[in-house]
Amino acid sequence: MHVTLERILRLPPLASGRPEVLSGTGRLQEPVRWVHVAELKSLAGLLEGGELVLTTGLGFGTSAAEAARYLGELAALGAAGVVVEITADRPEAEAALRQAAGGAALPVVVVTRRVRFVEVTEVVHRLIVAAQLERVEKAREVHEVFTMLSLESASPEEIVARTAELIQTAVVLEDVAHLVLAFDPAGTAPGDLLADWKRRSRAAHFREETARTGDEGWLQTPVGLRGQRWGRLVVPGLPGDEAEAAMVLERAGQALTINRMAERDQRELGHQAQAGLLHELRQPRSLDEAEALTRAAALGLPPAPLYVPVVLRLDHASASEPIALQRRERALLELVNRVLAASRNSALAASLQTGSVAVLLALPARQLEDSVLERICGELADRSAGAAEDLRWTAGVGRPHARLLQAAAGLDEAGQVAETASTLPAGAKRFYRSTDVRLRGLLTLLRHDPRVQTFVEAELAGVLESGNDGGDLDLLQRYLESGGNKSELARSGYLSRPTLYARLARLEQRLGVRLDDAESRTSLHVALLVHRLQGL
């Protein structure tokens with residue numbers, strides 16, 4: 001607790017002089033840093049700010065002008081106040097002081113009885129030193145509290161609750177979007193504390209230092225590393241000791257930052273460990289089933305009757321830059337882990353190649369496979385839609401196996417299915433198997449074969465060399481998807497019938513085949529599918 005001028009005036013050595021406050025009554029609660037006895041006309045160079053000056057007024061005598069100059073200088077030097085002892089035998093000096101105090105900015109106190117300044121300084125200095133020791137002890141206690149919270153990896157709720165307990169007022173932790181992450185009302189009604197929170201919080205602008213801000217004078221401190229702030233701690237009310245509350249808030253902000261960094265590092269280590277094991281399981285070499293089960297169990301995947309390989313492939317078109325794709329991949333992996341934890345399903349999940357997340361899912365029974373996959377993929381889809389990152393993805397599922405190593409080998413099949421299914425219309429299914437991609441799946445495997453490439457170029461040479469390959473390929477795809485039915489294609493609103501027939505006739509000339517021939521359509525459809533798949 002700080003030693004204030006109001007408290008000093010109540011001390012017996014000074015109270016015996018019958019102190020009378022002539023000015024600055026609104027500043028009596030400000031802290032006094034030290035007491036200085038002086039009879040000089042000027043104290044310039046002697047004061048550093050926050051001192052209480054004790055004097056008998058010899059520095060200004062009986063001149064009101066000199067008294068005003070003297071008080072003005074003390075105010076400019078940052079003095080906490082001045083106590084002037086003027087006994088009854090010096091009425092002119094008292095009158096000058098009273099006249100000058102009328103325009104003074106700092107607290108001015110007059111005592112009309114003899115005061116032993118040495119006793120005043122002795123008592124006040126003892127109180128100041130005791131208060132300083134008390135603050136040091138409080139700082140040590142706060143340091144120990146938040147150090148233990150950091151070592152115990154306490155949750156944000158626990159840290160906020162301990163902060164509110166230490167400063168004895170409500171505390172709120174919010175993110176940069178002004179969403180409340182945790183709070184402790186400290187006895188107030190939560191509804192009153194959080195009422196119209198977003199509007200009020202936006203009015204209290206973010207500051208890079210611990211300070212009061214906004215119309216309501218909220219005390220706030222930033223949370224997170226400088227340049228990577230992810231939130232702030234806020235005290236909407238008025239704490240009893242603002243300096244102490246600021247110190248506690250800062251330590252709480254540091255604890256939240258450290259815990260978040262430790263949690264991220266721990267999560268990264270877990271991801272790396274799971275990715276390393278999945279790589280080994282796919283290419284086991286000397287790894288046998290028993291060792292694979294033991295190592296998987298150590299990473300949270302207990303033995304189960306069935307294992308299902310799943311691969312989630314991100315839509316690459318929405319973020320072609322590698323860094324952006326890696327950021328989205330990490331966000332998808334964290335989202336997968338949250339969904340798995342919420343649904344209480346055991347699995348290994350890791351990024352095995354850029355843009356995709358592999359999951360080795362444990363199932364208690366084969367008949368639960370579809371229901372579990374539907375629930376997990378449905379929850380992922382719902383959460384992905386509300387994510388800050390663009391997390392559009394396609395899920396491919398491999399064949400389930402009772403042996404862990406066989407299921408892990410199926411991740412390649414699941415990845416190929418996910419890659420192929422990403423070319424299908426969006427939203428057709430929650431997840432895909434090889435039976436869903438059929439011919440596309442086979443062509444995905446063959447698309448890089450030089451002989452297949454020669455076939456594609458031979459079939460589509462007429463449109464690829466026409467200079468209007470985009471429009472002609474689009475027309476050809478729509479025509480083939482309609483089964484060669486010109487009337488149906490015209491009814492779909494694609495083109496008017498005369499225009500459609502004319503364009504199809506030109507397309508036949510460029511391709512050098514008859515489009516009403518079933519084998520020609522089949523051959524063109526295969527070539528067109530491979531051409532589209534080559535863009536993956």
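**Exercise 1. In which helix is Leu442 found, and is Leu442 buried or exposed, or partly exposed?**

Step 1: Leu442 sits in helix H15, residues 434-446. Helices (H or I, at least four residues) and strands (E, at least two) are DSSP runs, numbered from the N terminus. The model is a predicted one, where local features need pLDDT of at least 70, side-chain atom pairs count only at pLDDT 80 or more, and totals for chains, interfaces and linings use all residues. Residues are numbered from 1 along each chain as its sequence is written, and side-chain values use heavy atoms, with hydrogens and water left out.

Step 2: The relative accessible area of Leu442 is 45%, so this residue is partly exposed. Buried means under 20%, exposed over 50%, and partly exposed in between (1.4 Å probe, protein chains only).

**Exercise 2. Work out the strand order of the sheet that holds E1, and find its edges.**

Step 1: Five strands make an open sheet in the order E1-E5-E4-E3-E2, and the pairing is mixed. Two strands pair if DSSP finds at least two bridges between them.

Step 2: E1 (20-23) and E2 (34-37) are the edge strands; each has a single partner strand, so one side of each lacks a neighbour in the sheet.

Step 3: Follow the pairs inward. E2 runs parallel to E3 (residues 51-55), joined by four bridges, and His36 stands opposite Val53 in E3. E3 in turn pairs with E4 in the parallel sense, again over four bridges, with Val53 opposite Val82 in E4.

**Exercise 3. Which way do the residues of E4 point, and why is E4 largely enclosed?**

Step 1: Start with a general point: in a regular strand, side chains alternate between the two faces of the sheet.

Step 2: Gly81, Val83 and Glu85 point one way from E4, while Val82 and Val84 point the other way.

Step 3: Five of the five residues of E4 are buried, so the rest of the structure largely encloses this strand.

**Exercise 4. Name the helices that lie across E3 and E4.**

Step 1: Helix H3 (residues 64-76) lies across E3, E4 (81-85) and E5 (108-111), running at about 155 degrees to E3. Axes are lines fitted to C-alpha atoms, for helices over the stretch in contact (heavy atoms within 4.5 Å), and angles run from 0 to 180 degrees between N-to-C directions.

Step 2: Helix H5 (residues 117-151) lies across E2, E3 and E4, at about 160 degrees to E2.
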